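Q: I'm new to this one, so could you walk me through it slowly?

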Amino acid sequence: MMSSIPFSSNTFWAYPTLIIGIVALIKMKFTTDRLLKRLYYISIFAISLIAVYFSARRSPLFVLILTSVLLFLPPRIPHILLISLIVISSFSFLNTTTGKNIIGTLPDSYSKYRIERMFGWVKDRKETSYLERKKIWNTYLDKFYRKPVFGEGLSAVHRITKSNKTKTEGLSAHNTFIGLLAETGLMGTTLMIIILGRSIFFLKKAGNPNWVKIYILLFIPTLLINWVEYNLIPGQIFFLYTMIIWLLPRGLQYLEK
């Protein structure tokens, strides 16, 4: 049945679509006061949100929704009420019956199936996506503990996952940071932390608070998505986005206030 659905999880165009949606929000918030222009950018965001949903990529979908909330921090009274409403309504998903009923109203698609799998609502399948990821993470961490200094080497997926009892052979780390530990050890991970730390240090020198806020909106997706997906692949779209954003603060300090 899944093969007949036109949208599948191999839809990497969800990442540039995510970026388009975030940029549209930024343009709407910081570059115009005209109503028609704001509606134009909101429509681009809405189209991006719908497209990302049908891509079946859950983390970009979550990030795009979260960005629309973070855009209004620090919030004013109307924003506080709206955010409170979103938080309160999200608690319905803590009630399994209510959450399943809400998701059940969505049209059948691979996106719907992956959301149901995330919550463990797929019939005859008890494990959730998170529990499956934990097994993969433990496999990679075990390899890191054996070679903590230099790791297994880049592109070592098959060596890391070969001959294990958790049926994760050939699967990526599904976590860029854990994958980095397993493949490059403490040496490579420390280097990446230094790069990220220096970028955050340079961010403190940016004179315009709006630039800092815009940067945070672009930066948060790199943390959230890299935590649940593996993007340590040169040439991959989100790897390039992550590296650009992490190095961007070096230039922000030279922008005019």
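**A first look at the model**

A: We can begin with Thr184, which counts as buried because its relative accessibility is 16%, where buried means under 20% relative accessible area, exposed over 50% and partly exposed in between, with a 1.4 Å probe and protein chains only. Please keep in mind that this is a predicted model, in which local features need pLDDT of at least 70 and side-chain atom pairs count only at pLDDT 80 or more, while totals for chains, interfaces and linings use all residues. Residues are numbered from 1 along each chain as its sequence is written, and side-chain values use heavy atoms, with hydrogens and water left out.

Q: OK, and which helix does Thr184 lie in?
A: Thr184 lies in helix 9; helices here are DSSP runs of H or I with at least four residues, strands are runs of E with at least two, and both are numbered from the N terminus.

Q: What does Thr184 touch?
A: Leaving out residues up to four places away in sequence, Thr184 touches Val149, Phe150, Gly151, Leu154 and Thr189, a contact being heavy atoms within 4.5 Å. In addition, the side chain of Thr184 reaches the backbone oxygen of Leu180 at 2.7 Å.

Q: Leu180, hmm. Which residues line the largest cavity?
A: Leu180 is one of them, and the full lining consists of Thr176, Phe177, Leu180, Met192, Asn226, Asn231, Leu232, Phe239, Thr242, Met243 and Trp246. The elements that give two or more residues to this lining are helix 9 (176-203) and helix 11 (237-247).

Q: What counts as a cavity, though?
A: On a 1 Å grid over the protein atoms alone, a cavity is a set of points where a 1.4 Å probe fits but cannot get out, and lining residues have an atom within 4 Å of a point.

Q: How many cavities of 30 Å³ or more are there, and what volume does the largest have?
A: The count comes to one cavity of 30 Å³ or more, and the volume of the largest cavity is about 80 Å³, with grid points joined across faces, edges and corners and the volume taken as the space filled by probe spheres set on the points.

Q: Where is His174, and is it buried or exposed?
A: His174 lies in the loop between helix 8 (157-161) and helix 9, and with a relative accessibility of 23% His174 counts as partly exposed. Although His174 is not a glycine, it has a positive phi of about 55°.

Q: Switching topic, what about Val52?
A: Val52 is found in helix 2 and is buried, with a relative accessible area of 0%. Apart from neighbours within four places in sequence, Val52 is in contact with Ala14, Thr17, Leu18, Arg57, Pro60, Leu61 and Leu64.

Q: And Thr17, buried or exposed?
A: Thr17, whose place is in helix 1 (residues 14-30), counts as buried at 14% relative accessibility. Thr17 touches Ser48, Ala51 and Val52, not counting residues up to four places away in sequence, and the side chain of Thr17 reaches the backbone oxygen of Trp13 at 2.7 Å.

Q: Last thing, where is confidence lowest and highest?
A: Confidence is lowest in helix 4 (residues 77-90), at a mean of 62, and highest in helix 2 (residues 35-54), at 91, on the pLDDT scale, which gives the predictor's confidence in each residue from 0 to 100. Over the protein chain the mean pLDDT is 76, and 72% of the residues reach 70 or more.

Methods:
On a 1 Å grid over the protein atoms alone, a cavity is a set of points where a 1.4 Å probe fits but cannot get out, and a pocket is an open set with protein on both sides within 12 Å along at least five of seven lines; lining residues have an atom within 4 Å of a point. A polar contact is a pair of N or O atoms within 3.5 Å; within protein, one must be able to donate a hydrogen and the other to accept it, and residues adjacent in sequence count only if both atoms are side-chain atoms.
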